[in-house]
Amino acid sequence: KSNIPFYYNEYKSYLRSMYGIRRDQPRTRKRNKGEIDEDKHGNKIYLNINRGLKEKLLKDKEMILTHKHVVKIPVKYNVEQILSDFLSNEKSENSAYFKNNISFDMTNGLRNYFNHRFATELTYKPELTQISRLDKNKVVYSELFGCVHLLRLLLCIGRLITSKEFDELSFRWLSHHFQRLIDFIAANKEKYLSMDNYVPLT
């Protein structure tokens with residue numbers, strides 16, 4: 001069991017302002033990739049994480065908790081670069097999300113939340129030693145850390161954001177767009193998720 005705690009009230013508030021308002025009666029829809037998952041408390045975003053990404057995340061957990069290795073920082077492809085690449089890809093595909101500035105809003109929200117809550121919510125306990133050596137007044141986590149930590153954030157967003165907090169159309173757009181980011185990362189996993197990028201924790 002992961003020992004990473006996640007609290008998403010701040011980010012959910014940001015998303016509500018970005019995508020829509022709360023609706024009283026969430027409608028149950030068939031669970032599809034990037035859409036929703038029926039839940040007694042409302043409908044949650046269902047993000048499809050393919051086998052390749054799951055294997056990378058399991059290996060990451062093993063490296064940190066079992067072998068006491070941490071990601072070597074700064075990583076080659078940090079969160080800033082990944083989000084920039086994703087926006088470039090959305091533009092090249094003439095995505096409706098890009099044209100309506102939704103891509104910018106989503107990536108800005110992810111970046112801000114990543115930096116604000118990184119040390120308290122997106123790390124395993126052994127990583128805290130590494131983080132404690134950084135200058136908290138100067139560090140920008142999205143410039144030092146990369147894809148595996150971004151995936152940790154995305155995985156829990158899918159489980160914790162429910163349709164009760166959005167109107168139906170906004171919830172669909174939100175679900176689809178998070179899935180597009182996951183799919184982009186999956187298509188580039190060998191580039192962004194190198195298992196050689198770990199060093200012993202000292």
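Reader: In this predicted model, how are H5 and H9 oriented to each other, roughly parallel or roughly perpendicular?

Author: Two packed helices are described by the angle between their axes and by the distance between those axes. Here helix H5, residues 102-121, packs with helix H9, residues 168-187, at an angle of about 70°, and the axes lie 11 Å apart. Angles of 65 to 115 degrees count as roughly perpendicular, and H5 and H9 are therefore roughly perpendicular to each other.

Reader: Which residues of H5 and H9 make the contact, and how do these residues divide by class?

Author: From H5 the contact is made by Ile102, Ser103, Met106 and Leu110, while H9 contributes Trp173, His177, Phe178 and Leu181. Sorted by class, the contact of H5 with H9 has six nonpolar and two polar residues, with no charged residues.

Reader: Turning to single residues, is histidine 149 buried or exposed, and which residues does histidine 149 touch?

Author: Burial is read from the relative accessible area, with values under 20% counting as buried. Histidine 149, which is found in helix H8, has a relative accessible area of 0% and is therefore buried. If residues up to four places away in sequence are not counted, histidine 149 touches Val71, Phe114, Phe118, Leu122 and Glu127.

Reader: Where is proline 126 placed, and is proline 126 buried or exposed?

Author: Proline 126 sits in the loop between H5 and helix H6, the latter spanning 127-132. Its relative accessible area is 15%, so proline 126 also falls in the buried class. Leaving aside neighbours within four places in sequence, proline 126 is in contact with Ile64, Leu65, Lys68, Val70 and Leu201. For lysine 68 one can set sequence against space: proline 126 and lysine 68 are 58 residues apart in sequence, yet 7.0 Å apart in space, C-alpha to C-alpha.

Reader: How should I read the second largest pocket, and how many residues line it?

Author: One may take the volume, then the lining, then the elements that supply the lining. About 200 Å³ of space lies in the second largest pocket, and 15 residues line this pocket, with Val75, Tyr192, Leu193, Ser194 and Asn197 lying nearest its centre. By class, the lining of the second largest pocket comprises nine nonpolar, four polar and two charged residues.

Reader: Which helix supplies the largest share of that lining?

Author: Helix H8 (147-160) and helix H10 (189-192) each supply at least two residues of the lining, and the largest share, three residues, comes from H8. Helix H8 is also where the buried histidine 149 is found.

Key. Residues are numbered from 1 along each chain as its sequence is written. This is a predicted model: local features need pLDDT of at least 70, side-chain atom pairs count only at pLDDT 80 or more; totals for chains, interfaces and linings use all residues. Side-chain values use heavy atoms; hydrogens and water are left out. Axes are lines fitted to C-alpha atoms, for helices over the stretch in contact, and angles run from 0 to 180 degrees between N-to-C directions. Helices (H or I, at least four residues) and strands (E, at least two) are DSSP runs, numbered from the N terminus. Angles under 35 degrees count as roughly parallel, over 145 as roughly antiparallel, 65 to 115 as roughly perpendicular and the rest as oblique. Contact means heavy atoms within 4.5 Å. Ala, Val, Leu, Ile, Met, Phe, Trp, Tyr, Cys and Pro count as nonpolar, Asp, Glu, Lys and Arg as charged, and the others, Gly among them, as polar. On a 1 Å grid over the protein atoms alone, a cavity is a set of points where a 1.4 Å probe fits but cannot get out, and a pocket is an open set with protein on both sides within 12 Å along at least five of seven lines; lining residues have an atom within 4 Å of a point. Grid points are joined across faces, edges and corners, and a volume is the space filled by probe spheres set on the points. Buried means under 20% relative accessible area, exposed over 50%, partly exposed in between (1.4 Å probe, protein chains only).
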